[in-house]
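Okay, thanks everyone, let's get going. I'll put the structure up and then talk through how the pieces fit together.

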Amino acid sequence: MLLKEGAIRFPVVSNEVFPFPTRRDSPVIDQVGVEERAQRFCARSLKKETKVTALKLAVTMLDVTTLEGADSVGKVRQMCQKAMRPLPGDPSVGPAAAVCVYPRMVGTAVKAVQGSPVQVAAVATQFPSGQMRLKERLDEVRYAVGEGADEIDMVISRGQFLQGEYRAIYDEVAACKEACGKAHLKVILETGELTTYDNVRYASDMAMAAGADFIKTSTGKVPIAATLPVTLVMLQAIEDFYERTGRMVGMKPAGGISNAKLALQYLVMVREVLGAKWLTNQWFRFGASSLTNDLLMQIRKQETGRYQSGDYFTQD
Amino acid sequence: MSANDFLSGGFAPAPESADHFEIKKSYDLFIGGKWVKTAKRFETTNPATGEVLSEVGLAGKKEVNQAVKAARRAYDGVWSKMSGAERGKYLFRIARLLQERAREFAVVETMDGGKPIRESRDVDVPLAAAHFFYHAGWADKLAYAFPGCEVAPIGVVGQVIPWNFPLLMAAWKIAPALACGNTVVLKPAETTPLTALKLAELFEDAGLPAGVVNIITGAGETGQALVEHPDVDKVAFTGSTAVGKTIRRAVAGTGKRFTLELGGKAANIVFEDAPINEAVEGIVNGIFFNQGHVCCAGSRLFVQESVADKVIKKLQKRMELLVVGNPLDKNTDIGAINSAEQLARIKALVKIGQEEGACMWQPSGGVPRKGNWFKPTLFTECAQSQRIVQEEIFGPVLAIQTFRTPQEAIAKANNTQYGLSGGVWTDKGSKIFKVTTALKAGVVWANTFNKFDPTSPFGGYKESGIGREGGLHGLSAYCQLIH
């Protein structure tokens, strides 16, 4: 296992596990109401210094991601450079929180980010479908952790959830948590496949009880990825869980957050639902690939009053 | 780190600009398509700053008489004879012009009335335009709206509207009246005349024939003169119950038709199986929308015992997030109280609430120094026999009671002199039907609150008024239906 020197480690993860919650323990969600509430965050208007701080904050919350079959060692290395220095020559911007890759690329990424605070996250458990026996899925987690991953992004078995085999989901999250050891566990619910907000809420509650350090909306591999309302439902679950247990859980919307305006709306929502305490990359992340450059462009716009061409921002 | 830093929880100022249009130094009365000067005038101010915005004419008996005459002339000469399709064209044109000038109307509404720009921009102006569009569609289809009836207009309609939704109420009143072939004399509220006068300018731009709509500004006496004018065929009033009673006495025995849309003290009932987070949001929208200056505001909250603590805690947390301040700022949730008189009334009733033993809570944030402001407020441990539970406060003040059984909630909800609106929050469909049908209120919302649509009739039971506005019911109030 490669050790990263000088890396700022997040505090030791909590290994607390809470009893299996039943569906009745989760509050019901009104679709119309939750969508209306989410829309209201979009009416907030961030200007001047508020906007600059929020944009810079958003950069530090990025999980810069590449999850393609065509990923190469070179591409991953380049992406790591970008995560460490998003705006070359301006150290006040970034670094990003983490890079997110497939397990095969973890070793490459770990080497590339060595000495920087950037974490390495690996998707595992037969990402994106999760359609494999638990044993092999856990082996994959152990492999990624062994390669040096700081964070594991697991997928839950949506098929089993929809069949009503809730206990199996709780058990697989708990087993993954154990397999993670010191690595952080992010649990991907794939909300687009859970189809209802009630399901999302219950899956969130269950994942947190089973030990998730983060709950995450999507893989980015199905048509419906992160949305403001679905993230709101998950933030409310985190809020209630914290009220009940005193344990903070992080949130990661992923997929579909492609511009700075939308990212800021997410941050406003986090601030108003969970409070400023959650506004660090320890508790909130964006899973995104194209968001980075739009954030950088908007930061430059705030500083100079003008939009610059895309050529002034590095493409990796 | 400055106070507007994102992490500190604040917002940098984000004011909507008010420099792309003009509020004139003075406005006259709009009578017979002309601007008519008056000897007496009065000022209208911005309640958020106290600054004088404009000076408007004060219509006396003479001007009221002039306006009614102009309306009668327009009715006999043009409007009652015009085909529905032609009337519809004018209404469509008005609706489109209103949409085009939406920003201007929203800013003026906010400056003159104190409501947050978010609401005037997203609710008042779009809904006002929607009312013109909706009624424009009916203008040539009245025979189909009331099958088997011959439909005829009524004549000259005298309309008196309140200060809480100045433009929207003008649209609610004018659009159906014109669609059915009537002509109008409208008196906006004393403290908020500007958007109605701007609307008069818009009617000019639309080429609406002279005298079809006349707008006269003034105070209570002007309204009284209009209501009592012998040549007015119908009176439509939105406002306080006290004035509504006076109007009903004034029209008694005259043969005038009337519709009254008056006060309310709506019950918002939250059951233990409700979607709690959404219910909390609905409670906030119910009572803090437009500073609680809403006749159908959900000012009484009934929450089931088993979830009461949770709901109140979440409600308080949510109230801490409400931004009180400059109504023109896009981030403002709660604007200014409309007038010093209204502020004094709210303060007096809140004081009574404390003296009567209810437990008051307000969020920690401050309010601006200048202007009329009142923090969002809630009272717990309320009882039916307290005045804050019985009387309409018309401000951002919520009275909370708990209940054990649905029967208890229904009984207490109906135990009021009012009956305008109500709300029910439960995930159980059967309970929605059972409770909503048991509530004696004109409008009942399920798992939402304060939703308005031109197609949906609005109006009250008991002291909340008589007649309906909007939808077919509202349309029928502006027609003679000959069977």
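I'll go through the domains, then the cores, then the chain interface, and finish with salt bridges. One thing up front: this is a predicted model.

So, domains. Chain B is divided into two of them: domain 1, which takes in 26-262 plus 462-482, and domain 2, which is 267-446. Their centres, taken over C-alpha atoms, sit 30 Å apart. How many residues touch across that boundary? On the domain 1 side of chain B we have 28 residues, in contact with 32 residues of domain 2 of chain B. Between them the two domains of chain B bury about 2,400 Å², and carbon and sulfur atoms give 56% of that. If you want the big contributors on the domain 1 side, look at B:Pro47, B:Trp163 and B:Lys462: those three supply 23% of the area domain 1 of chain B buries against domain 2, more than any other three residues.

On the polar side, there are 13 residue pairs in polar contact between the two domains of chain B, counting pairs with both residues at pLDDT 80 or more. In terms of elements, helix H3 (102-113) and H4 of chain B each supply at least two residues of the domain 1 side that touches domain 2. As for salt bridges, the rule finds one across this domain interface in chain B. While we're in chain B, B:Asp333 forms a salt bridge with B:Arg118, with the closest N and O atoms 4.0 Å apart.

Okay, on to the cores. In soluble globular proteins, nonpolar side chains tend to be buried together. Here the largest nonpolar core has 111 residues, and the members that touch the most other members are B:Phe132, B:Ile174 and B:Leu315. Which element gives the largest share of this core? That would be helix H6 of chain B, residues 166-179, with eleven residues. And this core draws at least three residues from each of the two domains of chain B.

Let's zoom in on B:Ile174. Setting aside neighbours within four places in sequence, B:Ile174 is in contact with B:Phe132, B:Gln159, B:Val184, B:Leu186, B:Leu199, B:Phe203 and B:Val213. There's also a second, separate core, with 104 residues, including A:Val64, A:Val113, A:Met248 and A:Tyr266.

Next, the interface between the chains. 34 residues of chain B are in contact with 31 residues of chain A. The two chains bury about 2,900 Å² between them, and 48% of that is on carbon and sulfur atoms. On the chain B side, B:Phe6, B:Leu7 and B:Glu278 supply 25% of the area buried against chain A, more than any other three residues.

How many salt bridges does the rule find across this interface of chain B and chain A? Eight. There are also 18 residue pairs in polar contact across the interface of chain B and chain A, again with both at pLDDT 80 or more. Helices H4 (117-138), H10 (276-288) and H11 (305-320) of chain B each supply at least two residues of the side that touches chain A. The largest share of that side, five residues, comes from H10 of chain B.

Two of the side-chain pairings between the chains are worth pointing at. In one of them, A:Glu239 and B:Lys314 meet in a salt bridge at 4.0 Å, N to O. In another, the side chains of A:Glu36 and B:Lys451 meet at 3.2 Å, N to O. That pair runs from A:Glu36 in helix H1 of chain A (31-42) to B:Lys451 in the loop between strands E18 and E19 of chain B. A:Glu36 is partly exposed, at 32% relative accessible area, and B:Lys451 is partly exposed too, at 39%.

Last bit: salt bridges overall. The count comes to 58 over all chains. One I like is B:Asp273 with B:Lys431, where the closest N and O atoms are 3.0 Å apart. This pair links distant parts of the chain, with B:Asp273 in the loop between strand E12 and H10 of chain B, and B:Lys431 in helix H15, 158 residues apart. Buried or partly exposed, for B:Lys431? At 18% relative accessibility B:Lys431 counts as buried, because the cut-off for that is under 20%. B:Asp273 is partly exposed, at 23%.

And over in chain A, salt bridges that share partners join A:Asp63, A:Glu151, A:Asp153, A:Lys186, A:Lys216, A:Lys252 and A:Arg285 into one network. That's my tour, thanks.

How values were computed: Residues numbered from 1 in each chain as written. Chains lettered and ligands numbered in written order. Predicted model: local features only at pLDDT ≥ 70, side-chain atom pairs only at ≥ 80, totals over all residues. Heavy atoms only, no water. Core = buried A, V, L, I, M, F, W, Y, C linked by side-chain atoms within 4.5 Å. Buried < 20%, exposed > 50% of the residue type's maximum accessible area, 1.4 Å probe, protein only. Helix = DSSP H or I, 4+ residues; strand = E, 2+ residues; numbered from the N terminus. Domains from an automatic or database assignment. Contact = heavy atoms within 4.5 Å. Buried area = accessible area lost by both parts, 1.4 Å probe. Polar contact = N/O pair within 3.5 Å; in protein donor to acceptor, adjacent residues only side chain to side chain.
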